[in-house]
Amino acid sequence: MGSYLNPGSTAFQGSLRSQIYIDKSGLIEKTNTVLGTEQKYVCVSRPRRFGKSMAANMLAAYYDRDCDTKEFFDKLKISQSEGYLEHLNQYDVLKINMQEFLSRSSDVKELIARIKQRVIRELTRQYPDVELFDSTDLAETMQDIYAESKCPFVLIIDEWDCIFREFKNDKEAQEKYLDFLRDLIKDKSYIHLAYMTG
């Protein structure tokens, strides 16, 4: 279990233990239907305090192949869905909270560099025997790992739009950030689901 790669179910378990918990696992049925399709790009835009991060944590716990979360999801609505077990704990999950990286970065260039360093570090720890073409390029690292492991990635990006709030007048920074996301996600066979909230 890592901080970004296969982060486990601890955050979602906290939601399940909360005094007020509303079962939103029906969302998983929807994401399961778009896995590995042209519609695998999902962006959820909702107001603050709407449960976007909780839903992201739920998806991470459901897809994460490094943990067994059947006992949690068996009690939720998703367990009644066709395909429930087929996708449960079957993917490498990358979960990134952009606000976390933004708060530790002075500009977008530093933010992107930090994401690459932290995520590549976890990927190479998990897959030490994969020969990488360029160990500083996140997209190529993920491609090399997928080519060897045959295990696709579920990419979850929380607060994806925080850069636009922080750098609202800096078009160059916004374009650099969008180029980074495009390179990481667009038309990549290793991505079976890209789920972004903001």
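Modeller: Before we look at any residue, please keep one cut-off in mind, namely that contact means heavy atoms within 4.5 Å. The model in front of us is predicted, and with that said we can take Tyr-62, which is found in helix H3.

Colleague: Which residues does Tyr-62 touch, not counting residues up to four places away in sequence?

Modeller: Once those sequence neighbours are set aside, Tyr-62 touches Ile-28, Asn-32, Thr-69, Phe-73, Gly-83, Tyr-84, His-87, Leu-88 and Asn-89. A separation in space can also be read beside a separation in sequence: Tyr-62 and Phe-72 lie 10 residues apart in sequence, and their C-alpha atoms are 9.2 Å apart in space.

Colleague: Does Tyr-62 count as buried or exposed?

Modeller: The general idea is that a residue under 20% relative accessible area is called buried. Tyr-62, at 0% relative accessibility, therefore counts as buried. Asn-57, also placed in helix H3, counts as buried because its relative accessibility is 16%.

Colleague: How many of the 12 residues of H3 are buried?

Modeller: In H3, 11 of the 12 residues are buried, so this helix is largely enclosed by the rest of the structure. The buried residues are Lys-52, Met-54, Ala-55, Ala-56, Asn-57, Met-58, Leu-59, Ala-60, Ala-61, Tyr-62 and Tyr-63.

Colleague: And what span should the 12 residues of H3 have?

Modeller: Helix H3 covers residues 52-63, and at 1.5 Å a residue it should span 16 Å; the end C-alpha atoms are 17 Å apart, which agrees. For H8, which also has 12 residues, the expected span is 16 Å and the end C-alpha atoms are 16 Å apart, which agrees as well.

Colleague: At what angle do H1 and H3 pack?

Modeller: H1 and H3 pack at an angle of about 120 degrees, and their axes are 8 Å apart. That angle makes H1 oblique to H3. On the H1 side the contact is made by Ala-11, Phe-12 and Ser-15, and on the H3 side by Met-54, Asn-57, Met-58 and Ala-61. Asn-57 can be followed further, since, leaving aside neighbours within four places in sequence, Asn-57 is in contact with Ala-11, Phe-12 and Lys-95.

Colleague: How should I read the packing of H7 and H8, and what is the angle there?

Modeller: The general idea is that angles under 35 degrees count as roughly parallel. Helix H7 (residues 108-126) and H8 pack at an angle of about 20 degrees, with their axes 10 Å apart, and H7 and H8 are therefore roughly parallel to each other. Their contact is made by Ile-115, Lys-116, Val-119, Ile-120 and Leu-123 of H7, together with Leu-138, Thr-141, Met-142 and Ile-145 of H8. H7 passes H8 in a left-handed crossing.

Colleague: Which elements do the buried residues of H8 pack against?

Modeller: The buried residues of H8, among them Leu-138, Met-142 and Tyr-146, pack against H7, helix H10 (171-185) and the strands E2 (92-97), E3 (153-158) and E4 (191-197).

Colleague: Where is Gly-36 placed?

Modeller: Gly-36 sits in the loop between helix H2 (26-34) and strand E1 (41-44), and with a relative accessible area of 46% Gly-36 is partly exposed.

Colleague: What is the mean pLDDT of the protein chain?

Modeller: The mean pLDDT of the protein chain is 94, and 96% of its residues reach 70 or more. Among the elements of the chain, helix H1 (residues 10-17) has the lowest mean pLDDT, at 87, whereas helix H8 (residues 138-149) has the highest, at 98.

Notes:
Residues are numbered from 1 along each chain as its sequence is written. This is a predicted model: local features need pLDDT of at least 70, side-chain atom pairs count only at pLDDT 80 or more; totals for chains, interfaces and linings use all residues. Side-chain values use heavy atoms; hydrogens and water are left out. Helices (H or I, at least four residues) and strands (E, at least two) are DSSP runs, numbered from the N terminus. The expected span of a helix is 1.5 Å times one less than its number of residues. Buried means under 20% relative accessible area, exposed over 50%, partly exposed in between (1.4 Å probe, protein chains only). pLDDT is the predictor's confidence in each residue, from 0 to 100. Axes are lines fitted to C-alpha atoms, for helices over the stretch in contact, and angles run from 0 to 180 degrees between N-to-C directions. Angles under 35 degrees count as roughly parallel, over 145 as roughly antiparallel, 65 to 115 as roughly perpendicular and the rest as oblique. A crossing is left-handed if the near helix is turned anticlockwise from the far one by less than a right angle, and right-handed if clockwise.
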